[in-house]
Amino acid sequence: MADKVLLLVGDSLRNDTLRSIKGFKDVKPLLPAYPQTSGATFSLSFGLHASEVFWPGEYDPYAEIIGNISRDVVDPTSLSIFYFFRKTAEIMSDSSVAYAMRKAGVRPLLLRQIGVAFGVSGFEEVSPGNRLLNKTVAKGLQALARAIRFKDEPFTQLVLFNYFIRMLGPLGKELGKGVPNVHIDFIGDSMIKFFKKLGEENKKLFVYAHLFTPHAPYMCRFMLNLKYTVAHMFLSWLFRPYSIDEVKWWFDERCNQIREAILNNEVLKEAYKEYLRCNEALASFAERLVEELVPEGWAIMITGDHPEFFGESCMISHPRVPPLEEVRVPFRVAGMEKPEINAYTQIPEVAAKELGVEWEAPSKDDVVSSIVTMEPNYMAIMVATYEKDKGLIYLYDSKGKEVWIGDEGLKDKILEHLDNAKKLRKKWLLKLRIRNKVRRRTQ
(Lines give C-alpha, C1' and ligand atoms only; values in the text may rest on other atoms or scores of the structure.)
Protein backbone atom coordinates (compact mmCIF):
# COMPACT_ATOMS: atom_id res chain seq x y z
CA MET A 1 0.00 0.00 0.00
CA ALA A 2 1.13 3.56 -0.75
CA ASP A 3 1.21 6.37 1.82
CA LYS A 4 0.45 9.03 -0.79
CA VAL A 5 -2.35 8.77 -3.37
CA LEU A 6 -3.06 11.18 -6.24
CA LEU A 7 -6.47 11.16 -7.95
CA LEU A 8 -6.06 12.98 -11.28
CA VAL A 9 -9.32 13.86 -13.06
CA GLY A 10 -9.33 15.15 -16.63
CA ASP A 11 -12.46 17.17 -17.29
CA SER A 12 -14.50 15.75 -20.21
CA LEU A 13 -12.21 12.74 -20.61
CA ARG A 14 -13.47 9.74 -22.61
CA ASN A 15 -12.31 6.16 -22.27
CA ASP A 16 -12.11 5.38 -25.99
CA THR A 17 -10.02 8.43 -26.91
CA LEU A 18 -7.55 8.00 -24.06
CA ARG A 19 -7.27 4.29 -24.83
CA SER A 20 -6.35 5.10 -28.43
CA ILE A 21 -3.13 6.80 -27.24
CA LYS A 22 0.02 4.69 -27.26
CA GLY A 23 0.75 3.29 -23.81
CA PHE A 24 -2.81 3.68 -22.54
CA LYS A 25 -4.36 0.49 -23.94
CA ASP A 26 -4.81 -0.81 -20.39
CA VAL A 27 -7.31 1.83 -19.22
CA LYS A 28 -10.62 0.40 -17.99
CA PRO A 29 -14.03 1.89 -18.82
CA LEU A 30 -16.13 3.30 -15.98
CA LEU A 31 -19.53 4.89 -15.87
CA PRO A 32 -18.97 8.65 -15.49
CA ALA A 33 -18.76 10.10 -12.00
CA TYR A 34 -21.15 12.90 -12.93
CA PRO A 35 -22.07 15.14 -15.86
CA GLN A 36 -20.89 18.35 -14.16
CA THR A 37 -17.60 19.17 -12.49
CA SER A 38 -18.99 20.16 -9.11
CA GLY A 39 -21.23 17.10 -9.05
CA ALA A 40 -18.27 14.89 -9.95
CA THR A 41 -16.40 16.22 -6.94
CA PHE A 42 -19.43 15.44 -4.80
CA SER A 43 -19.57 11.90 -6.20
CA LEU A 44 -15.84 11.33 -5.76
CA SER A 45 -16.09 12.54 -2.15
CA PHE A 46 -19.19 10.71 -0.98
CA GLY A 47 -19.45 7.71 -3.29
CA LEU A 48 -22.97 8.68 -4.36
CA HIS A 49 -24.63 11.07 -6.75
CA ALA A 50 -26.32 14.26 -5.63
CA SER A 51 -29.62 12.93 -6.96
CA GLU A 52 -29.46 10.23 -4.31
CA VAL A 53 -30.03 12.92 -1.69
CA PHE A 54 -32.05 15.29 -3.86
CA TRP A 55 -34.95 14.47 -6.15
CA PRO A 56 -37.18 17.35 -7.34
CA GLY A 57 -40.04 15.03 -8.25
CA GLU A 58 -40.61 14.46 -4.53
CA TYR A 59 -41.84 17.98 -4.03
CA ASP A 60 -41.79 18.19 -0.21
CA PRO A 61 -38.15 17.08 0.14
CA TYR A 62 -37.29 19.47 -2.70
CA ALA A 63 -38.77 22.42 -0.84
CA GLU A 64 -37.26 21.44 2.48
CA ILE A 65 -33.76 20.78 1.18
CA ILE A 66 -33.49 23.84 -1.03
CA GLY A 67 -35.17 26.07 1.55
CA ASN A 68 -32.97 25.01 4.46
CA ILE A 69 -29.61 24.60 2.78
CA SER A 70 -29.35 28.12 1.45
CA ARG A 71 -31.99 30.83 1.15
CA ASP A 72 -30.28 32.27 -1.91
CA VAL A 73 -30.25 28.94 -3.81
CA VAL A 74 -33.81 28.99 -5.07
CA ASP A 75 -33.45 29.43 -8.81
CA PRO A 76 -32.84 26.02 -10.43
CA THR A 77 -30.09 27.04 -12.84
CA SER A 78 -26.76 25.32 -13.35
CA LEU A 79 -24.99 27.87 -11.13
CA SER A 80 -27.45 27.21 -8.32
CA ILE A 81 -26.76 23.49 -8.74
CA PHE A 82 -23.06 24.13 -8.19
CA TYR A 83 -23.77 25.91 -4.92
CA PHE A 84 -26.30 23.26 -3.95
CA PHE A 85 -23.49 20.70 -4.13
CA ARG A 86 -21.25 22.85 -1.97
CA LYS A 87 -23.91 23.44 0.69
CA THR A 88 -24.91 19.78 0.65
CA ALA A 89 -21.29 18.73 1.04
CA GLU A 90 -20.89 21.00 4.07
CA ILE A 91 -23.86 19.40 5.82
CA MET A 92 -22.82 15.83 4.95
CA SER A 93 -19.11 16.38 5.60
CA ASP A 94 -18.80 13.63 8.23
CA SER A 95 -19.92 11.07 5.61
CA SER A 96 -17.22 11.90 3.08
CA VAL A 97 -14.10 9.93 2.29
CA ALA A 98 -12.03 12.98 3.28
CA TYR A 99 -13.52 12.96 6.79
CA ALA A 100 -12.66 9.28 7.22
CA MET A 101 -9.14 9.96 5.98
CA ARG A 102 -8.59 12.79 8.45
CA LYS A 103 -9.65 10.52 11.31
CA ALA A 104 -7.08 7.96 10.12
CA GLY A 105 -4.26 10.52 9.95
CA VAL A 106 -4.32 11.13 6.18
CA ARG A 107 -4.25 14.72 4.91
CA PRO A 108 -6.86 15.16 2.11
CA LEU A 109 -6.18 18.00 -0.35
CA LEU A 110 -8.20 19.35 -3.30
CA LEU A 111 -6.06 20.99 -5.97
CA ARG A 112 -8.34 23.52 -7.61
CA GLN A 113 -7.74 24.30 -11.24
CA ILE A 114 -11.27 25.34 -12.21
CA GLY A 115 -12.97 28.46 -10.85
CA VAL A 116 -16.40 27.00 -10.00
CA ALA A 117 -18.12 26.18 -6.74
CA PHE A 118 -16.97 22.67 -5.90
CA GLY A 119 -18.93 20.12 -3.93
CA VAL A 120 -16.02 19.79 -1.53
CA SER A 121 -16.32 17.91 1.74
CA GLY A 122 -13.47 17.91 4.19
CA PHE A 123 -10.73 18.58 1.66
CA GLU A 124 -8.24 21.36 2.24
CA GLU A 125 -8.26 23.48 -0.94
CA VAL A 126 -4.83 24.43 -2.28
CA SER A 127 -3.24 25.85 -5.45
CA PRO A 128 0.23 25.20 -6.88
CA GLY A 129 1.05 28.90 -7.37
CA ASN A 130 -1.34 31.61 -6.22
CA ARG A 131 1.15 34.45 -6.50
CA LEU A 132 -0.08 38.05 -6.71
CA LEU A 133 1.68 38.61 -10.06
CA ASN A 134 0.02 35.55 -11.57
CA LYS A 135 -3.41 36.69 -10.42
CA THR A 136 -2.91 40.25 -11.64
CA VAL A 137 -1.72 39.26 -15.10
CA ALA A 138 -4.42 36.60 -15.37
CA LYS A 139 -7.14 39.15 -14.56
CA GLY A 140 -5.80 41.48 -17.27
CA LEU A 141 -5.70 38.73 -19.91
CA GLN A 142 -9.14 37.46 -18.95
CA ALA A 143 -10.56 40.98 -19.22
CA LEU A 144 -8.99 41.32 -22.69
CA ALA A 145 -10.49 37.99 -23.80
CA ARG A 146 -13.92 39.04 -22.56
CA ALA A 147 -13.65 42.36 -24.40
CA ILE A 148 -12.74 40.65 -27.69
CA ARG A 149 -15.35 37.86 -27.45
CA PHE A 150 -17.90 39.53 -25.17
CA LYS A 151 -20.85 37.84 -26.88
CA ASP A 152 -19.43 34.33 -26.56
CA GLU A 153 -19.72 31.84 -23.76
CA PRO A 154 -17.05 31.91 -21.01
CA PHE A 155 -15.41 28.76 -22.39
CA THR A 156 -14.77 30.47 -25.72
CA GLN A 157 -13.22 33.39 -23.86
CA LEU A 158 -10.98 30.93 -22.01
CA VAL A 159 -9.65 29.64 -25.32
CA LEU A 160 -8.45 33.17 -26.03
CA PHE A 161 -7.01 33.46 -22.53
CA ASN A 162 -4.96 30.29 -23.03
CA TYR A 163 -3.85 31.55 -26.44
CA PHE A 164 -2.56 34.76 -24.86
CA ILE A 165 -0.61 32.71 -22.31
CA ARG A 166 0.87 30.63 -25.14
CA MET A 167 1.69 33.75 -27.18
CA LEU A 168 3.80 35.13 -24.31
CA GLY A 169 6.15 32.13 -24.58
CA PRO A 170 8.34 31.39 -21.52
CA LEU A 171 6.93 34.43 -19.73
CA GLY A 172 3.38 33.21 -20.30
CA LYS A 173 4.29 29.73 -19.06
CA GLU A 174 5.69 31.26 -15.88
CA LEU A 175 2.72 33.59 -15.40
CA GLY A 176 0.26 30.76 -16.05
CA LYS A 177 1.42 28.75 -13.05
CA GLY A 178 -1.34 28.34 -10.51
CA VAL A 179 -3.88 30.33 -12.50
CA PRO A 180 -7.31 28.64 -12.77
CA ASN A 181 -8.52 27.40 -16.17
CA VAL A 182 -5.03 27.06 -17.68
CA HIS A 183 -4.15 24.23 -20.08
CA ILE A 184 -1.96 21.50 -18.55
CA ASP A 185 0.96 22.41 -20.85
CA PHE A 186 1.40 25.64 -18.90
CA ILE A 187 0.84 24.38 -15.37
CA GLY A 188 2.28 20.85 -15.55
CA ASP A 189 5.83 21.62 -14.35
CA SER A 190 4.50 23.65 -11.45
CA MET A 191 2.09 20.90 -10.43
CA ILE A 192 4.78 18.19 -10.37
CA LYS A 193 7.04 20.35 -8.18
CA PHE A 194 4.06 21.05 -5.94
CA PHE A 195 3.26 17.34 -5.56
CA LYS A 196 6.87 16.49 -4.77
CA LYS A 197 7.04 19.15 -2.07
CA LEU A 198 3.77 17.91 -0.57
CA GLY A 199 5.16 14.39 -0.53
CA GLU A 200 8.25 15.51 1.37
CA GLU A 201 6.15 17.38 3.95
CA ASN A 202 3.44 14.77 4.56
CA LYS A 203 3.69 11.15 5.61
CA LYS A 204 0.15 10.19 4.55
CA LEU A 205 -1.56 12.16 1.81
CA PHE A 206 -4.54 12.06 -0.55
CA VAL A 207 -4.61 14.67 -3.33
CA TYR A 208 -7.58 15.13 -5.64
CA ALA A 209 -6.50 17.22 -8.66
CA HIS A 210 -9.22 18.27 -11.10
CA LEU A 211 -7.72 19.52 -14.38
CA PHE A 212 -9.36 21.83 -16.90
CA THR A 213 -7.77 19.87 -19.78
CA PRO A 214 -9.26 18.70 -22.13
CA HIS A 215 -12.53 20.55 -21.34
CA ALA A 216 -14.59 21.92 -24.26
CA PRO A 217 -13.89 23.95 -26.25
CA TYR A 218 -10.47 22.44 -25.66
CA MET A 219 -7.77 24.33 -23.90
CA CYS A 220 -5.03 23.21 -26.29
CA ARG A 221 -6.47 25.11 -29.26
CA PHE A 222 -4.51 27.69 -31.25
CA MET A 223 -6.05 31.01 -32.26
CA LEU A 224 -6.12 29.84 -35.87
CA ASN A 225 -8.86 27.36 -34.96
CA LEU A 226 -11.02 29.73 -32.96
CA LYS A 227 -13.70 29.64 -35.68
CA TYR A 228 -14.10 25.93 -34.98
CA THR A 229 -14.45 26.63 -31.29
CA VAL A 230 -17.22 29.15 -31.84
CA ALA A 231 -18.98 26.88 -34.35
CA HIS A 232 -18.67 23.90 -32.02
CA MET A 233 -20.21 25.83 -29.13
CA PHE A 234 -23.01 26.98 -31.42
CA LEU A 235 -23.69 23.41 -32.54
CA SER A 236 -23.62 22.17 -28.96
CA TRP A 237 -26.47 24.51 -28.10
CA LEU A 238 -28.36 23.97 -31.34
CA PHE A 239 -28.43 20.17 -31.34
CA ARG A 240 -29.92 19.39 -27.95
CA PRO A 241 -33.36 19.42 -26.33
CA TYR A 242 -34.12 22.64 -24.47
CA SER A 243 -37.30 21.73 -22.63
CA ILE A 244 -37.82 18.77 -20.34
CA ASP A 245 -40.90 17.92 -22.40
CA GLU A 246 -38.79 17.67 -25.59
CA VAL A 247 -36.63 14.80 -24.36
CA LYS A 248 -38.86 11.92 -25.46
CA TRP A 249 -39.52 13.62 -28.81
CA TRP A 250 -35.77 14.10 -29.20
CA PHE A 251 -34.97 10.43 -28.92
CA ASP A 252 -38.08 9.22 -30.78
CA GLU A 253 -37.95 11.58 -33.75
CA ARG A 254 -35.36 14.34 -33.85
CA CYS A 255 -32.33 12.13 -33.26
CA ASN A 256 -32.90 10.08 -36.41
CA GLN A 257 -33.35 13.25 -38.47
CA ILE A 258 -30.04 14.81 -37.54
CA ARG A 259 -27.75 11.85 -36.79
CA GLU A 260 -26.15 11.71 -40.23
CA ALA A 261 -25.83 15.48 -40.50
CA ILE A 262 -24.01 15.70 -37.16
CA LEU A 263 -21.66 12.77 -37.71
CA ASN A 264 -20.58 14.12 -41.12
CA ASN A 265 -20.11 17.68 -39.86
CA GLU A 266 -16.65 19.11 -40.65
CA VAL A 267 -16.68 21.35 -37.57
CA LEU A 268 -17.14 18.34 -35.31
CA LYS A 269 -14.32 16.51 -37.09
CA GLU A 270 -12.00 19.46 -36.45
CA ALA A 271 -13.19 19.72 -32.86
CA TYR A 272 -12.48 16.04 -32.32
CA LYS A 273 -8.93 16.46 -33.70
CA GLU A 274 -8.33 19.22 -31.17
CA TYR A 275 -9.87 17.08 -28.45
CA LEU A 276 -7.41 14.28 -29.31
CA ARG A 277 -4.53 16.75 -29.03
CA CYS A 278 -5.76 17.68 -25.54
CA ASN A 279 -5.99 14.01 -24.61
CA GLU A 280 -2.41 13.48 -25.77
CA ALA A 281 -1.22 16.43 -23.67
CA LEU A 282 -2.98 15.06 -20.60
CA ALA A 283 -1.63 11.55 -21.26
CA SER A 284 1.91 12.93 -21.55
CA PHE A 285 1.50 14.73 -18.22
CA ALA A 286 0.12 11.57 -16.61
CA GLU A 287 3.17 9.60 -17.81
CA ARG A 288 5.47 12.21 -16.27
CA LEU A 289 3.60 11.89 -12.98
CA VAL A 290 4.08 8.13 -12.98
CA GLU A 291 7.80 8.42 -13.82
CA GLU A 292 8.53 11.09 -11.18
CA LEU A 293 6.11 10.36 -8.34
CA VAL A 294 5.72 6.58 -8.18
CA PRO A 295 9.42 6.05 -7.30
CA GLU A 296 8.86 8.48 -4.39
CA GLY A 297 6.08 6.32 -2.92
CA TRP A 298 3.00 7.71 -4.66
CA ALA A 299 0.07 5.75 -6.09
CA ILE A 300 -1.72 7.46 -8.97
CA MET A 301 -5.30 7.05 -10.21
CA ILE A 302 -6.33 8.67 -13.51
CA THR A 303 -9.97 9.13 -14.54
CA GLY A 304 -12.52 11.61 -15.90
CA ASP A 305 -15.69 13.19 -14.52
CA HIS A 306 -17.85 12.93 -17.65
CA PRO A 307 -17.30 12.13 -21.32
CA GLU A 308 -17.48 14.55 -24.24
CA PHE A 309 -19.77 13.87 -27.19
CA PHE A 310 -19.18 14.36 -30.92
CA GLY A 311 -22.45 13.22 -32.47
CA GLU A 312 -23.20 10.04 -30.51
CA SER A 313 -26.89 9.81 -29.57
CA CYS A 314 -27.24 13.07 -31.54
CA MET A 315 -25.41 14.82 -28.72
CA ILE A 316 -22.59 17.34 -28.82
CA SER A 317 -20.40 18.60 -25.97
CA HIS A 318 -22.04 17.99 -22.56
CA PRO A 319 -25.50 16.58 -23.26
CA ARG A 320 -28.49 17.83 -21.32
CA VAL A 321 -29.73 14.26 -21.04
CA PRO A 322 -27.92 10.97 -20.43
CA PRO A 323 -27.16 9.35 -23.80
CA LEU A 324 -28.66 5.99 -24.63
CA GLU A 325 -25.36 4.90 -26.15
CA GLU A 326 -22.53 3.78 -23.94
CA VAL A 327 -19.74 6.35 -23.70
CA ARG A 328 -17.60 5.93 -20.60
CA VAL A 329 -14.72 7.57 -18.78
CA PRO A 330 -11.31 5.91 -18.30
CA PHE A 331 -9.72 4.53 -15.14
CA ARG A 332 -6.06 3.65 -14.75
CA VAL A 333 -3.80 3.13 -11.75
CA ALA A 334 -0.03 3.19 -11.24
CA GLY A 335 2.11 2.46 -8.20
CA MET A 336 -0.52 0.27 -6.57
CA GLU A 337 -1.93 -3.21 -6.88
CA LYS A 338 -4.51 -3.09 -9.65
CA PRO A 339 -8.00 -3.16 -8.10
CA GLU A 340 -10.89 -5.17 -9.44
CA ILE A 341 -12.73 -2.91 -11.87
CA ASN A 342 -16.37 -3.06 -12.90
CA ALA A 343 -18.48 -0.48 -14.67
CA TYR A 344 -19.32 1.41 -11.48
CA THR A 345 -16.21 0.93 -9.34
CA GLN A 346 -16.25 3.51 -6.55
CA ILE A 347 -13.05 5.51 -6.97
CA PRO A 348 -13.03 7.08 -3.46
CA GLU A 349 -13.36 3.59 -2.04
CA VAL A 350 -10.27 2.47 -4.01
CA ALA A 351 -8.31 5.45 -2.63
CA ALA A 352 -9.39 4.72 0.94
CA LYS A 353 -8.41 1.06 0.68
CA GLU A 354 -4.97 1.94 -0.70
CA LEU A 355 -4.35 4.26 2.27
CA GLY A 356 -5.65 1.74 4.82
CA VAL A 357 -8.69 3.87 5.68
CA GLU A 358 -11.97 2.20 6.65
CA TRP A 359 -14.66 3.75 4.46
CA GLU A 360 -17.33 2.26 2.19
CA ALA A 361 -19.33 4.03 -0.49
CA PRO A 362 -23.10 3.99 0.23
CA SER A 363 -23.94 3.45 -3.46
CA LYS A 364 -22.58 0.54 -5.50
CA ASP A 365 -24.99 -0.06 -8.39
CA ASP A 366 -24.37 0.63 -12.08
CA VAL A 367 -26.93 3.39 -12.49
CA VAL A 368 -25.78 6.84 -13.58
CA SER A 369 -27.66 9.80 -12.11
CA SER A 370 -27.70 13.19 -13.79
CA ILE A 371 -28.95 16.56 -12.65
CA VAL A 372 -29.70 18.49 -15.81
CA THR A 373 -30.98 22.03 -16.27
CA MET A 374 -33.44 22.57 -19.09
CA GLU A 375 -34.75 25.79 -20.56
CA PRO A 376 -36.60 27.73 -19.38
CA ASN A 377 -35.04 27.23 -15.92
CA TYR A 378 -36.69 23.88 -15.25
CA MET A 379 -34.57 21.30 -13.53
CA ALA A 380 -35.04 17.56 -13.72
CA ILE A 381 -33.00 14.63 -12.55
CA MET A 382 -32.58 11.83 -15.02
CA VAL A 383 -31.27 8.37 -14.35
CA ALA A 384 -29.72 6.13 -16.97
CA THR A 385 -28.27 2.65 -16.67
CA TYR A 386 -26.09 0.77 -19.13
CA GLU A 387 -26.12 -2.94 -19.84
CA LYS A 388 -24.58 -4.30 -23.03
CA ASP A 389 -24.95 -0.94 -24.77
CA LYS A 390 -28.58 -0.59 -23.70
CA GLY A 391 -29.79 2.46 -21.80
CA LEU A 392 -32.91 3.60 -20.01
CA ILE A 393 -33.72 7.14 -18.93
CA TYR A 394 -36.24 8.05 -16.25
CA LEU A 395 -37.49 11.59 -15.64
CA TYR A 396 -40.40 13.77 -14.64
CA ASP A 397 -41.84 16.09 -17.26
CA SER A 398 -42.90 19.64 -16.42
CA LYS A 399 -46.31 18.41 -15.21
CA GLY A 400 -44.81 15.92 -12.78
CA LYS A 401 -45.61 12.92 -15.00
CA GLU A 402 -43.15 10.00 -15.14
CA VAL A 403 -41.46 9.38 -18.50
CA TRP A 404 -39.38 6.31 -19.46
CA ILE A 405 -37.14 6.39 -22.56
CA GLY A 406 -35.17 3.44 -23.89
CA ASP A 407 -34.97 -0.24 -22.96
CA GLU A 408 -37.65 -0.82 -20.32
CA GLY A 409 -36.15 -4.22 -19.57
CA LEU A 410 -33.82 -2.29 -17.26
CA LYS A 411 -36.72 -0.77 -15.31
CA ASP A 412 -36.25 -2.95 -12.22
CA LYS A 413 -32.64 -1.86 -11.93
CA ILE A 414 -33.59 1.81 -11.91
CA LEU A 415 -36.48 1.24 -9.49
CA GLU A 416 -34.11 -0.50 -7.09
CA HIS A 417 -31.69 2.43 -7.42
CA LEU A 418 -34.47 4.94 -6.68
CA ASP A 419 -35.62 2.95 -3.65
CA ASN A 420 -32.11 2.89 -2.21
CA ALA A 421 -31.77 6.61 -2.89
CA LYS A 422 -35.04 7.31 -1.05
CA LYS A 423 -33.72 5.51 2.04
CA LEU A 424 -30.53 7.56 1.92
CA ARG A 425 -32.53 10.79 1.60
CA LYS A 426 -34.65 9.98 4.65
CA LYS A 427 -31.51 9.64 6.76
CA TRP A 428 -30.12 12.87 5.37
CA LEU A 429 -33.35 14.81 5.84
CA LEU A 430 -33.49 13.69 9.47
CA LYS A 431 -29.96 14.97 9.92
CA LEU A 432 -30.92 18.26 8.26
CA ARG A 433 -33.93 18.72 10.57
CA ILE A 434 -31.81 18.04 13.67
CA ARG A 435 -29.20 20.51 12.44
CA ASN A 436 -31.82 23.21 11.96
CA LYS A 437 -33.35 22.61 15.42
CA VAL A 438 -29.92 22.96 17.03
CA ARG A 439 -29.28 26.14 15.04
CA ARG A 440 -32.61 27.69 16.16
CA ARG A 441 -31.92 26.88 19.81
CA THR A 442 -28.49 28.53 19.69
CA GLN A 443 -29.73 31.70 18.00
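Modeller: One term before we start: two strands pair if DSSP finds at least two bridges between them. Also keep in mind that this is a predicted model.

Colleague: Fine. So how many bridges join strand E12 to strand E13?

Modeller: Five, with E12 (residues 390-396) and E13 (residues 402-406) running antiparallel. If you want a spot to look at, Leu392 has Gly406 in E13 as its bridge partner.

Colleague: And which residue in the hairpin of E12 and E13 takes a positive phi?

Modeller: That's Gly400, with phi near 85°. The hairpin has five residues between the two strands.

Colleague: Let me zoom out. How many helices and strands are there in the protein?

Modeller: You'll find 14 helices and 13 strands. The protein has 443 residues, and 58% of them count as buried.

Colleague: What about the surface, how much does the protein expose?

Modeller: About 19100 Å², and 53% of that is supplied by carbon and sulfur atoms.

Colleague: Now the sheet. In what order do the seven strands of the open sheet come?

Modeller: Go across it as E2-E9-E6-E1-E5-E3-E4; the pairing is mixed. Strand E2 (28-30) and strand E4 (124-126) are the edge strands, each pairing on one side only. On average, neighbouring strands of this sheet are turned by 25° against each other, ignoring direction.

Colleague: In which sense do E2 and E9 pair, parallel or antiparallel?

Modeller: Antiparallel, over three bridges, with E9 covering residues 329-334. Leu30 stands opposite Val329 of E9 there.

Colleague: Which strands does helix H2 lie across?

Modeller: H2 (residues 37-46) lies across strand E1 (4-10) and strand E5 (205-211), and runs at about 160° to E5. Helix H9 (residues 184-201) packs on the sheet too, with its direction making about 175° with that of E5. H9 touches E1, strand E3 (107-111), E4, E5 and strand E6 (298-304).

Colleague: Changing topic to rings: what does the count of aromatic pairs come to?

Modeller: Nine. One of them is Phe195 with Trp298, a tilted pair at 6.1 Å centre to centre with 55° between the planes. Phe195 sits in helix H9 and Trp298 in strand E6, so to speak a link between distant parts of the chain, 103 residues apart.

Colleague: Is Phe195 buried or exposed, and why?

Modeller: Phe195 counts as buried because its relative accessibility is 0%. Trp298 counts as buried as well, because it comes out at 1%.

Colleague: What kind of aromatic pair do Tyr272 and Phe310 form?

Modeller: An edge-to-face one, at 5.0 Å centre to centre and 70° between the planes. Tyr272 lies in helix H12 (residues 266-293) and Phe310 in strand E7 (residues 309-310), so the pair ties together parts 38 residues apart in sequence.

Colleague: How does Tyr272 count at its relative accessibility?

Modeller: Tyr272 is at 28%, so it counts as partly exposed. Phe310 is buried, with a relative accessible area of 9%.

Colleague: Which residues form one aromatic cluster?

Modeller: Phe123, Phe206 and Tyr208.

Colleague: Last one: which residue lies over the face of Phe24?

Modeller: Arg332, at 4.0 Å from the ring centre.

Terms used:
Residues are numbered from 1 along each chain as its sequence is written. This is a predicted model: local features need pLDDT of at least 70, side-chain atom pairs count only at pLDDT 80 or more; totals for chains, interfaces and linings use all residues. Side-chain values use heavy atoms; hydrogens and water are left out. Helices (H or I, at least four residues) and strands (E, at least two) are DSSP runs, numbered from the N terminus. Axes are lines fitted to C-alpha atoms, for helices over the stretch in contact, and angles run from 0 to 180 degrees between N-to-C directions. Contact means heavy atoms within 4.5 Å. Rings of Phe, Tyr and Trp (its six-membered ring) pair if their centres lie within 6.5 Å; planes under 30 degrees apart count as stacked, over 60 as edge-to-face and the rest as tilted. Buried means under 20% relative accessible area, exposed over 50%, partly exposed in between (1.4 Å probe, protein chains only). A charge sits over a ring if NZ of Lys or CZ of Arg is within 6 Å of the ring centre and within 35 degrees of the ring normal. Accessible areas come from the Shrake-Rupley method with a 1.4 Å probe; for residues, only the protein chains shown count as cover.
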